[in-house]
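Here are some friendly notes to read with the structure open beside you. Take the points one at a time and find each place on the screen as you go.

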Amino acid sequence: MRTRASGIVTPTRGAPRLTVSLDTLRVERDATGRVTGSRRVAGPTDQDAGKETGLLLTEAAERTASVVAGLQSAVAQVHEWRDSDGLPVSRRAELLARVETPGGPVLLGTSSQGDPAALVEALPWDELGALSEPFVSADPPDDWRERPLLLRPSAASVLVAGAAFSLTSRGGRATAGRLAGRRVLPGLTLTDLPAAPPGSGRDDRGDPALPTVLVDGGRICPPPPLAEGIAPGRAVWDHDTGGFGPPPLARLELDGPRAEVPPDAVELVWCVEGLQRYHGDGTVRLQCLARVADRPGRWFRLALKGKPVHLLRQARGLAGPPMAVHSDSDVTTRSLVLAGAAEMEGAGHAVVTVINP
């Protein structure tokens, strides 16, 4: 059986409005592990998953109110897998909040395997709390273009997701095939992780569910062959269509050489929401709330534009602890240290501009 508890909380003039829905499937498999059918049932632990989802959202709303008092909405899902005897196999939880700050709306999201109780505490509340004061846009320092850029995980995750898409899309697979074996990134390793629960070993089509390395130590890996349009080990059963499809979102991990946080870095801390990030020409454009280490209370807005792989070519290393960032993809990454704006623009890999209020 697999249970999904989904919930949303939105603020109202009174108490926050909380809605939770439950969906439990009993999945049938053949001897090879391939799913052959499913039916909706009332699971023995449905209500537990629903309560956990509600508690997760309530805690997120309360914590947000105590920090910035600007929650627009929050959504959460708790997934639970059980074997044929009803014993728990695996759990996974996801949380995503849209928060209005004095600098603009930002997304706050994370995910984890196992018990969802610690999910709220894993979010970067200190960085969000730095935006709780009235936002007065300041001018960046005169030498900001020469300073290295530091993309905090929330911003770095957009580049990671964009790079993965550029290597796994239809056109990207052809490019990856041509560049296979070539070193194009400075020691970075980008891995696509299976959607199947840990320990199961197989996806819903019965194929081995293993990590797929897209970039290994900076070298592009040849793309694996697709089966019915789905990458190996990534098939997910869709009860409503009675067939297989790709995972609803990619799970990615970026690793690479460690770097110290530059003391003079320009930090891109949060991406402002409501603006298109990914464009048809393969570029990403991020509008970020930024600051510098020697003036942490003075915020300004920067726009970063470029192709994700080209931007990652300017990486100087990864800094700080890893963080799981959940939004349109699940990305685990550390903060990303990039070259300065002047150097990246000189190489033709980026355009970095100050956004005037």
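**Notes for a first look**

1. Let us begin with a single residue: Thr53 is part of helix α1, which covers residues 46-67. Please keep in mind that you are looking at a predicted model.

2. Is Thr53 buried or exposed? Its relative accessible area is 0%, and a residue counts as buried when that value is under 20%, so Thr53 is buried.

3. What surrounds Thr53? Leaving out residues up to four places away in sequence, Thr53 touches Ala5, Ser6, Gly7, Val20, Ala76 and Val78. There is also a link to Ala49: the side chain of Thr53 reaches the backbone oxygen of that residue at 2.9 Å.

4. Next, look at the open sheet. Six strands line up in the order β3-β2-β1-β4-β5-β6, and their pairing is antiparallel. The edges are taken by β3 (35-40) and β6 (104-113); each has a single partner strand, so one side of each has no neighbour in the sheet. From one strand to the next, the twist averages 15 degrees.

5. You can follow one pairing of this sheet in detail. Strand β2 (residues 17-29) runs antiparallel to β3, and 5 bridges join the two. Try finding Arg29, whose bridge partner in β3 is Val35. As you trace a strand, remember that side chains in a regular strand alternate between the two faces of the sheet.

6. Now move to helix α3, residues 153-168. From its first C-alpha to its last, this helix of 16 residues reaches 22 Å, close to the 22 Å expected at 1.5 Å a residue. How many of the residues of α3 are buried? The count is 13 of 16, which leaves the helix mostly covered.

7. How does α3 meet helix α4 (residues 170-179)? The two pack at an angle of about 80 degrees, and their axes are 4 Å apart. Angles from 65 to 115 degrees count as roughly perpendicular, so that word fits α3 and α4. On the α3 side the contact is made by Ser166, Leu167 and Thr168, and on the α4 side by Arg170, Gly172, Arg173 and Ala176.

8. Finally, visit a hairpin: β15 and β16 form one, with 2 residues between them. Strand β15 (residues 284-292) and strand β16 (residues 295-306) run antiparallel and are joined by 8 bridges. Arg285 has Lys305 of β16 as its bridge partner. β16 also pairs with strand β19 (residues 351-355), antiparallel again, over 5 bridges. There, Ala303 stands opposite Thr353 of β19.

Methods: Residues are numbered from 1 along each chain as its sequence is written. This is a predicted model: local features need pLDDT of at least 70, side-chain atom pairs count only at pLDDT 80 or more; totals for chains, interfaces and linings use all residues. Side-chain values use heavy atoms; hydrogens and water are left out. Two strands pair if DSSP finds at least two bridges between them. The expected span of a helix is 1.5 Å times one less than its number of residues. Buried means under 20% relative accessible area, exposed over 50%, partly exposed in between (1.4 Å probe, protein chains only). A polar contact is a pair of N or O atoms within 3.5 Å; within protein, one must be able to donate a hydrogen and the other to accept it, and residues adjacent in sequence count only if both atoms are side-chain atoms. Contact means heavy atoms within 4.5 Å. Axes are lines fitted to C-alpha atoms, for helices over the stretch in contact, and angles run from 0 to 180 degrees between N-to-C directions. Angles under 35 degrees count as roughly parallel, over 145 as roughly antiparallel, 65 to 115 as roughly perpendicular and the rest as oblique.
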